[in-house]
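Student: Could you take me through the nonpolar core of this model in some detail, and then show me what lies around it?

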Amino acid sequence: MNSATDRPLDQTDRKILAELAQNGRISVAELSRRVNLSKTPCQARIHRLEQDGFILGYRAVIDPTRLGLPHVAFVEVRLSDTRKAALEAFNKAVRALPEVEQAHMIASSFDYLLKVRTKDIAAYREVLGEKISALPHVAHTSTHVSMEAVKDDAE
């Protein structure tokens, strides 16, 4: 049985998750103060939330523009085959492309939506032509270039 379904989240768990989502580097002392718990029970809850799969990990949020990667394009991908083996082959191959930040299977007139980040439109064109179009079972792509990120929860 999955322990995450055995123990529902209470308000304190939800407060802990909200605080950690805002600042994963917050000290346990500060977190416990904000959620009105002593340090030891707060640490125990964090550990349980990690074990139960609510907290998947911690990471630094990097500014891609500072790394020279300001160009974002969203790519609709239609596959020529959507049977299980074809989907698995596409999924495996797309995960290996560093330029693809996100890949979502979509219920629509296309099969996948990819978020692709590059230095500029010329670099994007190369990624599209040489990498994305060469992925297994790709039949058609359509690109939407982002002009501005209005909201990005990764920031």
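Tutor: Let's start with the ground rules and then work outward from the core. This is a predicted model, so local features need pLDDT of at least 70 and side-chain atom pairs count only at pLDDT 80 or more, while totals for chains, interfaces and linings use all residues. Residues are numbered from 1 along each chain as its sequence is written, and side-chain values use heavy atoms, with hydrogens and water left out.

Now the core. A nonpolar core here is a set of buried Ala, Val, Leu, Ile, Met, Phe, Trp, Tyr and Cys residues joined through side-chain atoms within 4.5 Å; buried means under 20% relative accessible area, exposed over 50%, and partly exposed in between (1.4 Å probe, protein chains only). The largest one has 18 residues, and Val75, Val77, Phe90, Leu114, Val116 and Ile132 have the most contacts inside it. Two or more residues each come from E1, helix H5 (84–95), E3 and helix H6 (121–132). Those labels are DSSP runs numbered from the N terminus: helices are H or I with at least four residues, strands are E with at least two. There's also a second, separate core of 10 residues, with Leu20, Ile26, Leu31 and Cys42 among them.

Zoom in on Val75. Leaving out residues up to four places away in sequence, Val75 touches Tyr112, Leu113, Leu114, Val116, Tyr124, Leu128, Ile132, Thr141, Ser142 and Thr143, where contact means heavy atoms within 4.5 Å.

One of those partners, Leu113, sits in E3 opposite His104. Strand E2 (residues 100–105) and strand E3 (residues 112–118) run antiparallel and are joined by 5 bridges; two strands pair if DSSP finds at least two bridges between them. The hairpin from E2 to E3 goes through 6 residues.

Moving on to the loops, His137 lies between H6 and strand E4 (138–145). Its phi is near 70°, positive for a residue other than glycine, and His137 counts as partly exposed because its relative accessible area is 30%. Asn36, in the loop between helix H3 (28–35) and H4, also has a positive phi, near 60°, again in a non-glycine residue. Asn36 is classed as exposed because its relative accessibility is 71%.

Last stop: Leu67, in the loop between helix H4 (39–51) and strand E1 (71–79). Leu67 is exposed because its relative accessible area is 59%.
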